[in-house]
Amino acid sequence: GIVTFLIHQVGWAQISHSLSMLGWGYAVVIVYPISWILLNTSGWRMALHAQYAKLPFMRLVQIRLAGETFNSLLPSGYVGGEPFKVKLLSRWIPMHEAVSSVLIAKAAQSIGLVLFVGVGLTFGTKRGQVKLAQHPKTLIALLFLSVGIFLFTVLLTRRSFSRMGKWLHELTGHPWLQKQDAKLVALDDSIGAFYREGKTRFLGSVLWHGAGWIAGALEVAVIFYMIGHAVSWREAWFIGAMAQLAAVVGLFAPAGIGLYEGGHYLAAE
């Protein structure tokens, strides 16, 4: 419905003109996302315990695509797609291990995002062209993003799920919560074991996800080049960083419609 409304407002003639600027190059735009899909899946694979990381890579790719489809379409954001990934992955590994891998991968991807945005906003343009000190709202948004991700990562290491389950059971007395205690303890044990024994794997996950963010930014450079307005990789990184920061602000907008595109527009302008 939103897409139909936008087409009506903009007019098909203008949209057709914009698409014609790429011509057959639009096929590159459609295929290009495979690069960051593969990189992010590699990051997810590193978030699995070593004994479960031998799952076929393409199976993880398929599961990730299914989950990201939910994330893109539902207004609930990651609340929808991540549990779907867990459900699919639990066919081959224990449920608590599937949940653990998704949460750890999300923490690694988020840390990679902070690094990507921070570096992009700081060094992504020509020296002296953009001064972040003159854009306090951007700095505040980056600060809130960093603090939120830091707290999320720390909570994962503090046995938060079993503690929360016990607290809710004491508060409500609901018997269903008591039945979940063993599952929550197993989840906390899995996450704790990974952070104790898999520090190298976690770092690898951060790096793979960081590479995925960079690949997404370089797509900007590819598109600008194809329409005859080449930009440097630094400028493309800056534009991508602004777009991702805007997308985080619009986390609960379906597919990030408007905010993600708006971030690209404001940065490119």
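The exercises below work through a predicted model of one protein chain.

**Exercise 1. Overall make-up**

Task: State how many helices and strands the chain has, and what share of its residues count as buried.

Solution. Start with the elements: the chain has 14 helices and 0 strands. Next take burial: of the 269 residues, 39% count as buried. Then take the surface, where the accessible area comes to about 15700 Å² and 69% of this belongs to carbon and sulfur atoms. Last, turn to contacts between residues at least 6 apart in sequence: 68% of these join residues at least 24 apart.

**Exercise 2. The largest nonpolar core**

Task: Find which residues have the most contacts inside the largest nonpolar core, and which element gives the most to this core.

Solution. The largest nonpolar core has 25 residues, and W44, L89, Y195 and F202 have the most contacts inside it. The elements that give two or more residues to this core are α5 (57-73), α6 (78-89), α7, α11 (181-197) and α12 (199-226). Of these, α7 gives the most, with 7 residues. Another core, of 15 residues, lies apart from this one; among its members are L113, A217, W237 and L245. As background, nonpolar side chains tend to be buried together in soluble globular proteins.

**Exercise 3. Two buried small residues**

Task: Place S101 and G240 in their helices and decide whether each is buried or exposed.

Solution. S101 lies in helix α7 (residues 95-123). Its relative accessibility is 1%, under the 20% limit, so S101 counts as buried. The side chain of S101 reaches the backbone oxygen of A98 at 2.8 Å. Leaving aside neighbours within four places in sequence, S101 is in contact with W44, A47, L48 and L89.

G240 is found in helix α13 (residues 233-249). With a relative accessible area of 5%, G240 is buried too. Not counting residues up to four places away in sequence, G240 touches F116 and A217.

**Exercise 4. Salt bridges within and between elements**

Task: For the pairs E68 and R64, K106 and E82, and R159 and D189, say where the partners lie and how far apart they are in sequence.

Solution. A search of the whole structure finds 5 salt bridges; three are taken here in turn.

1. E68 and R64 form a salt bridge with their closest N and O atoms 3.9 Å apart. Both lie in helix α5, 4 residues apart, about one turn of the helix. E68 is partly exposed at 23% relative accessibility, whereas R64 is buried at 7%.
2. K106 and E82 meet through their side chains at 3.9 Å, N to O. This pair links distant parts of the chain, with K106 in helix α7 and E82 in helix α6, 24 residues apart. Both K106 and E82 are buried.
3. R159 and D189 meet at 2.8 Å, N to O. R159 is in the loop between α8 (136-156) and α9 (160-172), and D189 is in helix α11, 30 residues apart. Both are partly exposed: R159 at 32% and D189 at 36%.

To finish, look for a network: salt bridges link R64, E68, E82, K85 and K106.

**Exercise 5. A nonpolar surface patch**

Task: Identify which helices supply the nonpolar patch, and classify I34 by its accessibility.

Solution. The patch covers about 830 Å² and is made by V3, I7, W12, L19, Y26, I30, V31, I34 and L38. At least two residues come from each of α1 (2-10), α2 (12-20), α3 (26-31) and α4 (34-46). The most come from α3, with 3 residues. I34 lies in helix α4, and at 45% relative accessibility I34 counts as partly exposed.

Technical notes
Residues are numbered from 1 along each chain as its sequence is written. This is a predicted model: local features need pLDDT of at least 70, side-chain atom pairs count only at pLDDT 80 or more; totals for chains, interfaces and linings use all residues. Side-chain values use heavy atoms; hydrogens and water are left out. Buried means under 20% relative accessible area, exposed over 50%, partly exposed in between (1.4 Å probe, protein chains only). Contact means heavy atoms within 4.5 Å. A polar contact is a pair of N or O atoms within 3.5 Å; within protein, one must be able to donate a hydrogen and the other to accept it, and residues adjacent in sequence count only if both atoms are side-chain atoms. A nonpolar core is a set of buried Ala, Val, Leu, Ile, Met, Phe, Trp, Tyr and Cys residues joined through side-chain atoms within 4.5 Å. Accessible areas come from the Shrake-Rupley method with a 1.4 Å probe; for residues, only the protein chains shown count as cover. Patches are made of residues with over 30% relative accessible area and no salt bridge: like charges are joined within 9 Å, nonpolar side chains (Val, Leu, Ile, Met, Phe, Trp, Tyr) within 5 Å. A salt bridge is a side-chain nitrogen of Lys or Arg within 4 Å of a carboxyl oxygen of Asp or Glu.
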